[in-house]
Amino acid sequence: MNEIISQYFTWPFTIGAIYLGIIVIIRFVRWVIGLSKIDKIRILKNVFTIKTWDSIKEAVSEGLLHRKIFKTNSLLGYMHMSLAFGWFLLIIIGHIETIYHEGTMAFPFYKSIFFRYFVHESTGNFIANLFSETMDLLLLFVLSGVFLAYYKRINSRIYGIKRTTKLKSGDKIALSALWLIFPLRLLAESFSAGIHNNGGFLTQLLGNLLYSSFSLEPAVDYMWLAYSMSLGFFFIALPNSRYMHIPTEILLIFLRKYGVNLKKRFNTYSQIQVFSCSRCGICLDSCQLMNAEIKNTQSVYVLKSIRNKSLTDETLFNCLLCGRCQNDCPVGIELNDLRITQRIESTFEYNSSYEYLEHTKAEKADVVYFAGCMTHLTPAIKKSMQYIFNYAGINYWFMDEDKAPCCGRPLMQMGQYDAAQKLIENNRQRIIESGAHTLVASCPICYKVFKEDYSLPHIKIMHHSEYLLDLVYKTKIPYFKPANRIIYHDPCELGRGSNIYEQPRELLGFYTQLIPIQAEKDRSYCCGGSLANIKIQMHEREKIMNSAINEYLKYEPDFLVTSCPLCKKTFAKNRELIVKDIAEIVCESLQNQYTELQKQNEVLLTQS
Amino acid sequence: MKHIVTIGGGIAGIEASDVLAEMGYKVTLVEKEKSLGGNVSKWSYLFPNMRPIGEIEDYMKSKYDSNRFTVIKNTEVNQIKRKKDKLEVSAGDELKLIADSVIVATGFEVFDAKRKEEYGYKIYDNVITSVDLENMLKNGKNITTPTGKIPKKIAFIHCVGSRDEKSGNHYCSKLCCVTSVKQAIEMNEILPDAEIYCLYIDLRMYGLEFEELYLKAQKQHNIQFIRGKLSEAAENMDKTILIKAEDTLSGYPIKMNVDLVVLLVGMESGKNTQQIGKCANLSFNSNRFLQPVDPHLARNNSSQAGIFLAGTCSSPMSVKETLDNARSAAVEVHKYLMNSDH
């Protein structure tokens with residue numbers, strides 16, 4: 001019996017490794033072939049450039065060292081790093097050790113994996129000693145990660161994450177195999193060390209201990225077989241489990257560096273992103289829907305459902321597209337755009353034609369002002385903007401003062417891409433006809449679509465927070481600083497969506513005292529009012545809003561300032577904090593100053 | 001002698017205190033404002049019979065001028081604690097009152113129309129609330145818009161801050177519909193040439209004679225009723241207001257310029273009710289009003305023994321209903337004190 005085992009025990013590993021290799025190669029080839037022609041050209045153009053080296057660096061820092069997870073939580077980062085980087089080093093150093101021992105590179109692949117089964121010479125040589133001690137140290141390193149992983153299932157809180165993902169059966173098999181690999185390796189090597197004295201500090205100690213109470217010879221082959229089987233099982237389960245992210249993530253890193261990007265339709269690059277998800281669950285904690293007890297629509301579950309082809313509209317559309325998860329994703333998956341792509345796929349049949357849109361004439365002006373429908377529902381903002389335009393003497397045209405089509409972004413968020421194009425084209429023509437050099441939007445939702453989906457060459461597109469800052473710098477409007485302490489709420493579409501964090505803060509610096517807070521810039525909250533979610537209930541939105549307000553109240557600000565009419569409108573429901581738009585702050589300051597000047601003039605007049 | 005503390009000197013608090021005083025109890029009424037009367041003093045004439053509010057005020061004045069109960073003004077209650085079988089009411093800086101029973105009559109607050117920003121209150125000059133209009137009516141028959149014009153076209157907007165999920169209030173304030181009809185008639189009487197429109201979701205003429213008032217408004221006063229919610233308002237250069245809505249009966253969108261917009265603001269549970277309710281550990285309903293233990297059989301009993309609810313702290317009510325409710329609160333207090341052994 002033992003003879004059969006000793007002859008064939010490497011087979012589970014070898015078969016598993018070959019199976020895994022073939023599957024991964026087939027998938028990679030299919031994915032790359034499936035990319036659009038332009039993406040393939042991008043790959044060819046970039047593969048022999050510095051970008052490949054950059055990709056390798058990123059693959060090491062993210063795929064092995066897990067730098068981004070370290071940033072979220074160091075214990076969680078250590079767990080991932082010890083497993084990935086530790087295992088990687090075990091393979092590499094094990095291989096070098098085998099080369100050193102064999103004096104050749106020509107040996108069966110499995111030999112370095114089961115080195116201590118085959119090589120029994122007791123240590124003595126300094127370099128051989130160094131190898132065995134190093135290998136033990138690395139094994140200990142990996143085992144520490146394995147034990148942290150066990151413990152994470154019991155108590156995930158100490159890893160900085162409140163929640164962890166639910167597992168499906170493929171994952172459970174792979175996870176059990178993975179959890180067994182290193183303890184079994186420790187036992188197998190210790191058994192061998194107990195018998196042959198070929199271990200390092202760890203395996204030798206454990207081997208001697210065991211050997212002093214049991215006879216290890218009859219069991220040692222079984223132990224190595226178990227180790228081999230755990231590896232084999234893991235490799236075979238891997239392609240159908242979440243661990244497929246390990247090879248896929250590397251591919252993603254390279255393709256991303258080469259400039260491959262997501263399209264409006266689901267393609268193999270979307271698929272690569274889907275398979276790159278490790279289901280670490282960090283996105284669950286980022287998601288504010290959790291505050292409203294919505295627990296099964298988060299990005300990790302969307303990606304999982306795409307993989308299993310079980311995505312429902314209920315999951316797909318119950319998302320604010322706030323982008324907090326995308327910001328926290330350690331793999332850098334484009335979670336928002338991926339979800340929008342799915343929405344495009346899901347709503348393909350019912351796009352509206354918008355045939356009734358009429359083409360109305362544009363007015364000639366230097367600046368086009370587009371308030372947006374949300375600003376029409378928060379008229380204090382548009383009134384402030386009109387005041388400031390007039391104050392600064394700008395030749396502007398209020399494009400949607402009476403009527404204009406929607407900017408198209410809400411339809412985009414819904415996946416109604418073709419319908420949105422009709423609105424975009426109608427607005428675009430009028431903007432160009434106006435002959436303006438600048439387009440100012442008051443709503444970040446409009447701003448994002450103007451920036452990304454309107455082709456407006458030679459026209460500068462600005463959100464009003466940028467534009468007002470510009471006016472201050474050009475000394476078109478004055479500033480003075482009252483003692484108001486305020487908190488600035490970053491709107492999702494302007495902050496994470498368009499990367500505009502500094503301009504509003506700089507502008508507010510001229511007019512207020514800005515309180516720095518913890519949840520700001522890319523860590524900022526969503527107000528809960530997002531148009532992107534059509535499944536959420538009003539009372540659930542309220543919970544999301546309240547969680548943000550309660551956080552802001554801790555800083556005891558005089559006002560909450562935002563630069564998005566939708567955020568303002570959503571927050572207006574709260575009864576404790578006054579909410580203003582950044583344009584109102586500027587306008588009020590100008591008006592106050594104006595009355596101050598008038599008073600001074602009156603004093604001067606009466607004195608004279 | 002048993003001692004009762006009433007919190008709030010609006011019509012509910014005064015009426016309940018007076019009834020209990022007449023029964024022979026010692027009553028102390030604590031009011032946070034400088035004078036008694038509460039929200040009622042904001043109105044001019046009462047529906048459905050256009051009774052001048054002065055008559056109600058005089059009635060109330062006769063009650064608290066009778067000195068049958070003690071009145072402490074300018075003092076805010078900040079704590080209610082149970083001390084064995086008594087209740088200790090702390091108010092102001094150092095006032096402490098020991099009571100056998102407490103009546104909460106903290107009333108309501110008018111919905112802050114600024115929270116419904118798309119209607120432009122305090123942004124556009126010629127948008128006012130129904131409370132502002134009552135105040136104008138009180139001050140005589142010279143009705144002009146805030147920008148100084150005699151209005152030729154007036155729009156009354158119903159359900160501002162009521163039946164509106166987006167402003168956080170699901171409930172119907174029930175009195176605004178009839179108030180709108182009343183004010184529309186009053187405006188027509190003062191300005192017979194003005195065109196008057198009422199934009200409503202549906203009309204809830206729940207009380208006796210309310211329906212008659214509504215019919216009268218259409219037949220004799222030529223008020224136009226449009227079933228449709230205001231979507232947004234915008235200010236024109238001449239300070240008139242452009243309103244956009246949909247006439248849901250004809251199915252057409254409406255866009256019209258009016259000289260004056262009147263927002264029918266609803267009733268909300270106010271800050272005082274919230275604060276008193278929280279410090280005395282009373283139950284609230286989902287609309288933030290105080291919750292009686294039984295909506296039919298014990299409407300005045302709060303979730304805490306010995307603490308009773310009178311008037312609009314538990315739901316929107318008209319003047320008539322508030323007075324009824326306050327008297328029934330007095331009876332409940334009496335029953336409670338009779339049955340308790342102390």
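What follows is a short chat about a predicted model of chains A and B.

Q: How many residues does each chain put into the contact?
A: The model is predicted, to start with. In it, chain A gives 16 residues to the contact and chain B gives 19 residues.

Q: And how much area do chain B and chain A bury between them?
A: About 1500 Å², with 44% of it on carbon and sulfur atoms.

Q: Which three residues supply the most of chain B's part?
A: B:Arg115, B:Glu117 and B:Glu118 do, with 35% of the area that chain B buries against chain A.

Q: How many salt bridges are there across the interface of chain B and chain A?
A: The rule finds 5 salt bridges there. One pair that forms a salt bridge is A:Asp402 with B:Lys255, where the closest N and O atoms are 3.0 Å apart.

Q: What about polar contact across the interface? How many residue pairs?
A: There are 11 residue pairs in polar contact between chain B and chain A, both residues being at pLDDT 80 or more.

Q: Which element of chain B gives the largest share of the side that touches chain A?
A: Strand E15 of chain B, residues 230-235, which contributes 4 residues.

Q: How do the residues on that side of chain B divide into nonpolar, polar and charged?
A: On the side of chain B that touches chain A, 11 are charged, 5 are polar and 3 are nonpolar.

Q: Changing topic. How many disulfides does the structure hold?
A: Over all chains, 0 disulfides.

Q: Then what is the nearest cysteine sulfur to A:Cys287?
A: That of A:Cys322, at 6.6 Å, and A:Cys287 is in no disulfide. A disulfide needs the two sulfur atoms within 2.5 Å.

Q: Is A:Cys287 buried or exposed?
A: A:Cys287 has a relative accessible area of 19%, so it counts as buried, the cut-off being under 20%.

Q: And A:Cys526, how far away is its nearest cysteine sulfur?
A: The sulfur of A:Cys492 is 4.0 Å away, and A:Cys526 is in no disulfide. A:Cys526 is buried, at 2% relative accessible area.

Q: Back to salt bridges. How many does the structure hold over all chains?
A: The structure holds 55 salt bridges over all chains. Among them is A:Glu189 with A:Arg185, whose closest N and O atoms are 3.3 Å apart.

Q: Where do A:Glu189 and A:Arg185 lie?
A: Both are in helix H10 of chain A, residues 169-196, and they are 4 residues apart, about one turn of the helix. A:Glu189 and A:Arg185 are both buried.

Q: What does A:Lys568 form a salt bridge with?
A: With A:Glu584, the closest N and O atoms being 2.8 Å apart. A:Lys568 is in helix H28 (residues 565-571) of chain A and A:Glu584 in helix H29 (residues 582-607) of chain A, so the pair ties together parts 16 residues apart in sequence.

Q: Are those two buried or exposed?
A: A:Lys568 is buried, at 6% relative accessible area, and A:Glu584 is buried at 8%.

Q: Which residue does B:Asp18 form a salt bridge with?
A: B:Lys63, and the closest N and O atoms are 3.0 Å apart. The pair links distant parts of the chain, with B:Asp18 in helix H1 (residues 11-22) of chain B and B:Lys63 in helix H2 (residues 53-65) of chain B, 45 residues apart. B:Asp18 is buried, at 1% relative accessible area, and B:Lys63 counts as buried at 13%.

Q: Last one: which residues do salt bridges that share partners join into one network?
A: A:Lys569, B:Lys116, B:Glu118, B:Asp164 and B:Lys229.

Definitions and conventions. Residues are numbered from 1 along each chain as its sequence is written. Chains are lettered from A and ligands numbered from 1 in the order in which they are written. This is a predicted model: local features need pLDDT of at least 70, side-chain atom pairs count only at pLDDT 80 or more; totals for chains, interfaces and linings use all residues. Side-chain values use heavy atoms; hydrogens and water are left out. Contact means heavy atoms within 4.5 Å. Buried area is the accessible area (1.4 Å probe) that two parts lose on being put together, summed over both. A salt bridge is a side-chain nitrogen of Lys or Arg within 4 Å of a carboxyl oxygen of Asp or Glu. A polar contact is a pair of N or O atoms within 3.5 Å; within protein, one must be able to donate a hydrogen and the other to accept it, and residues adjacent in sequence count only if both atoms are side-chain atoms. Helices (H or I, at least four residues) and strands (E, at least two) are DSSP runs, numbered from the N terminus. Ala, Val, Leu, Ile, Met, Phe, Trp, Tyr, Cys and Pro count as nonpolar, Asp, Glu, Lys and Arg as charged, and the others, Gly among them, as polar. Buried means under 20% relative accessible area, exposed over 50%, partly exposed in between (1.4 Å probe, protein chains only).
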